[in-house]
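Q: Please take a close look at one part of this structure. I should like to understand how it sits within the whole.

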Amino acid sequence: MKSEITPLVSIIIPCFNAEKFIFQTLSCLLEIDYLNWECIIVDDGSTDRSARIIKEFCSKDNRFILFKQANAGPSVARNIAISKSQGEFLLPLDADDLISKSYISEAVEVLKKNPKIKLVYCNARMFGRKNKPWELPVYSFKSLLIENMIFCSALFRRSDYNKTNGFDPNLRYGREDWDFWIELLKSGGDVYKIEKVHFFYRTHKKSHNKVANSNIASIRKYVFQKHRSLYDGVIDNPIQLFQEHALFKKSYNILRRLTFRKPIP
């Protein structure tokens, strides 16, 4: 692809103490077949060698751009990175994960051809401590209100991001992507899944999802309460929906204990 005729894609990476993984993550970007990209990295108060490794990439390729902040969590880091970026399309990527060389090119084509599509993601695979396909539920907005089935590395338009409040700084310990997808899609818009494995999620002791799962009850309660009006408007009977989805039993138990503005039948 010729970079001068393709939209700029901003890859957004928050980084906190990722010296073991950031080299491989940034290296994978040098292999992608879509040339017109920039990678905005925010060092979120790292105390290891992460910044030094990132600076090496910046010195060799000006598409890598580093900013630093005191530790404030991935949501703040992503929002700052996006504010510093210039791309028409945005792709969040965690500092320990990988994407395929053709993910961006295929996702951009989908967004360019389909203005009604707000979000593009793909099949995924776990690697590291676990090596297996990452099986996720089929997307629907109703199901998204119950639990996330879209990982953080999905492509969307900056113009749509600008209509949201961004990633929620209160969600420092996980599921901030879930909350953001709800925010992005609550006003409508389609979601498209590429039926190819383009995203590779690294599993390790300190992975972001593992930390999130240890705080899942409080996170779910926060998200449910924040978006409570959507349950009234989209789901006629939230409790019944939870009961119908075995995967969402934990969410059901949290939602059942919340106090709602009006009774649930």
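A: The sulfur of Cys58 has its closest cysteine sulfur in Cys39, at 8.2 Å, which is too far for a bond. Seen from the other side, the closest cysteine sulfur to that of Cys39 is in Cys58, again 8.2 Å away and too far for a bond. A disulfide is a pair of cysteine sulfur atoms within 2.5 Å, and a search of the whole structure finds zero of them.

This is a predicted model, in which local features need pLDDT of at least 70 and side-chain atom pairs count only at pLDDT 80 or more, while totals for chains, interfaces and linings use all residues. Residues are numbered from 1 along each chain as its sequence is written, and side-chain values use heavy atoms, leaving out hydrogens and water.

At 23% relative accessibility, Cys58 counts as partly exposed, whereas Cys39 is buried, with a relative accessible area of 0%. Here buried means under 20% relative accessible area, exposed means over 50% and partly exposed lies in between (1.4 Å probe, protein chains only).

Cys39 leads to Leu29, which is in contact (heavy atoms within 4.5 Å) with Cys39, Ile11, Ile13, Trp37, Phe64, Leu93 and Ile99, leaving aside neighbours within four places in sequence. Leu29 is one of the buried residues of helix α1 (residues 22-29), together with Ile22, Thr25, Leu26 and Cys28. Seen down the axis of α1, these residues fall within an arc of 155°, so they line one face of the helix; the arc is that of the directions from the helix axis to the C-beta atoms. Their cover includes β1 (9-15), β2 (37-44), α2 (50-60), β3 (64-69) and β5 (98-99). Helices (H or I, at least four residues) and strands (E, at least two) are DSSP runs, numbered from the N terminus.

Leu29 also belongs to the largest nonpolar core, a set of buried Ala, Val, Leu, Ile, Met, Phe, Trp, Tyr and Cys residues joined through side-chain atoms within 4.5 Å. Of its 75 residues, Ile11, Ile13, Leu26, Leu29 and Ile99 touch the most other members. The largest share of this core, eight residues, comes from strand β6 (residues 117-128). In soluble globular proteins, nonpolar side chains tend to be buried together.

As for the whole, the protein has 12 helices and nine strands, and 55% of its 265 residues count as buried. Among contacts between residues at least 6 apart in sequence, 82% join residues at least 24 apart.
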